[in-house]
Structures are given as C-alpha cells and as structure tokens.
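Me: I would like to go through this structure with you. I will ask what stands behind each label.

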Amino acid sequence: MWLEEFLRFLNVNSGAFSVVFSFIVSVATVIYAILTWKLVSETRKMRELQTRPNVFIILQSREEWINFMDIIIQNVGPGAAWDLKFEVVGDIENNMVKELLSIGFIRNGLRYLAPGQRIQSFIGTFPFQNEDKKDSPGSFTIIVSYKDSMGKEYKDIYELNLAAFLGIKQLESNFSQLQRDIRDLIKAIKEIVIKCCCRNGF
C-alpha cells in the first residue's frame, strides 16, 4: 500500500525532481570543470618549474690568491637557458668593468647555457685590505635576460658591490707557498743558464 502511495507521489512530482536533479548535475559539472582547470594549471606550473632556467651571477675571490677576483655565471635551474644577453651598468673607467666588457659572451651574448653549466673568468685584482674610504672600490650591475625552452623570457638584475669584500682576510695556503717556490726556482734556473752561457761565450 505504501509503495503505491510512494510511486504516485513520485509520478505527481516528477517535474520537480527532474529540475532538482538537473540542478545537481549542473553544480557537479561546474565543480568538475573548476577542479580540472586547477589540475591543468598545477600541471603547467610543474612543467614550467621543470624547464625553468635560473642564471646566477656572483663575484668570488680565487682560492689560491684572495686578491684575484673572478666572475661566475651559472645556470642553477633545471632547464636550459637560451639566447642570453648581458648588459653591464657601471663606471666605464672601473678596471673590472673594462675587463667584463672585453669578454666575448658579455658583449655578444650566449646562445645556450645548460643546466648546471658554469662559466668562470678572471676580471681583475682587488685590494681587500684597503681601508682608504676615499678610494671606494665601487659597484656595478649586470642585467641578464634569457629564455627557457618554451620561449618564455626572464630578466635578472645583479648588483655586484665590491665594497662588501673590503676587510676579507685569507690564511696563506700551501698552494700559494708552492707558487712562490716555483717562481724562485725558475728565477734560479734562469740565472744559472745565463751564467753558463756567459762562461761559454754564447
């Protein structure tokens, strides 16, 4: 008896149930579309992170002699960097700026920098113990622009302040002593050769 009543109720209100069901389906479809869009966005972000290059530029003193300054350019990102272009902004009379501008890839750019690839170049000597405030070592800026494998462009700005290196000290290494010993040995050999040549009339 109750089953017949229930079926009659469903039959009478079938239109209303249809509207409610359609509404639920519509809401579920919208929620599914939003979740799908979020998933696609996250997947795209993950793909970008996996292919994003990150070109890093620093100054570093050499281990064997603290006064020798190198510039290091390295791609620390997981993706390759393409079409690298460099712009040096600073005092053109600064010896390090001059040395930078004489480097071929700084002037003309780099076609490609692989993930983890590192380029290191000597750019000059630096007076680390200089306490003369009037003789400020200054600073310069390097602007590097590049693309990832998908063609997306990036631009990073590095201000390299030489004053930050003032006062740095380094303990003498065995390598430094070895360098001096080799220089002394070469000098002594030259003197011996010259004396021998003079005695034999060469």
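**Confidence and layout**

Reply: The mean pLDDT of the protein is 77, and 70% of its residues reach 70 or more. pLDDT is the predictor's confidence in each residue, from 0 to 100. This is a predicted model: local features need pLDDT of at least 70, side-chain atom pairs count only at pLDDT 80 or more, and totals for chains, interfaces and linings use all residues. Residues are numbered from 1 along each chain as its sequence is written, and side-chain values use heavy atoms, with hydrogens and water left out.

Me: Which elements have the lowest and the highest mean pLDDT?

Reply: Helix α1 (residues 2–12) has the lowest, 60, and β4 the highest, 92.

Me: What makes a stretch count as a helix or a strand, and how many are there?

Reply: Both are DSSP runs, numbered from the N terminus: helices are H or I over at least four residues, strands are E over at least two. The protein has five helices and seven strands. From the N terminus their order is α-α-β-β-β-α-α-β-β-β-β-α.

**The sheet**

Me: How do you know that β3 and β6 pair?

Reply: Two strands pair if DSSP finds at least two bridges between them. β3 (residues 81–90) and β6 (residues 139–147) have seven, in the antiparallel sense, so they meet the definition. V89 has T141 in β6 as its bridge partner.

Me: What joins β6 to β7?

Reply: The two form a hairpin with five residues between them. G151 in the turn has a positive phi of about 90°. β6 and β7 pair over nine bridges, again antiparallel. The bridge partner of F140 in β7 is L160.

Me: Why are β4 and β7 called edge strands?

Reply: The open sheet has four strands in the order β4-β3-β6-β7, with antiparallel pairing. β4 (110–113) and β7 (153–161) each have a single partner strand, so one side of each is left without a neighbour in the sheet. Neighbouring strands are turned by 35° against each other on average, direction ignored. The angles come from lines fitted to C-alpha atoms.

Me: Which residues of β7 are on its covered face?

Reply: Y154, D156, Y158 and L160 are. The uncovered face has E153, K155, I157, E159 and N161. In a regular strand the side chains alternate between the two faces of the sheet.

**Buried or not**

Me: Why is N75 called buried?

Reply: Buried means under 20% relative accessible area, exposed over 50%, partly exposed in between (1.4 Å probe, protein chains only). N75 has 0%, so it is buried. N75 lies in strand β2. Its side chain reaches the backbone nitrogen of N54 at 3.0 Å and that of G77 at 3.1 Å.

Me: How do you know that W65 is partly exposed?

Reply: W65 has a relative accessible area of 34%. That value falls between the two cut-offs, so W65 is partly exposed. W65 is found in the loop between β1 (55–61) and β2 (68–75).

Me: What makes a set of residues a nonpolar core?

Reply: The members are buried Ala, Val, Leu, Ile, Met, Phe, Trp, Tyr and Cys residues joined through side-chain atoms within 4.5 Å. The largest core here has 29 residues. I57, L84, F86, I123, F140 and I142 have the most contacts inside it.

Me: What does L84 contact?

Reply: Contact means heavy atoms within 4.5 Å. Leaving aside neighbours within four places in sequence, the partners of L84 include V55, L110, L113 and V144.

Conventions:
Axes fitted to C-alpha atoms, helices over the stretch in contact; angles between N-to-C directions. Polar contact = N/O pair within 3.5 Å; in protein donor to acceptor, adjacent residues only side chain to side chain.
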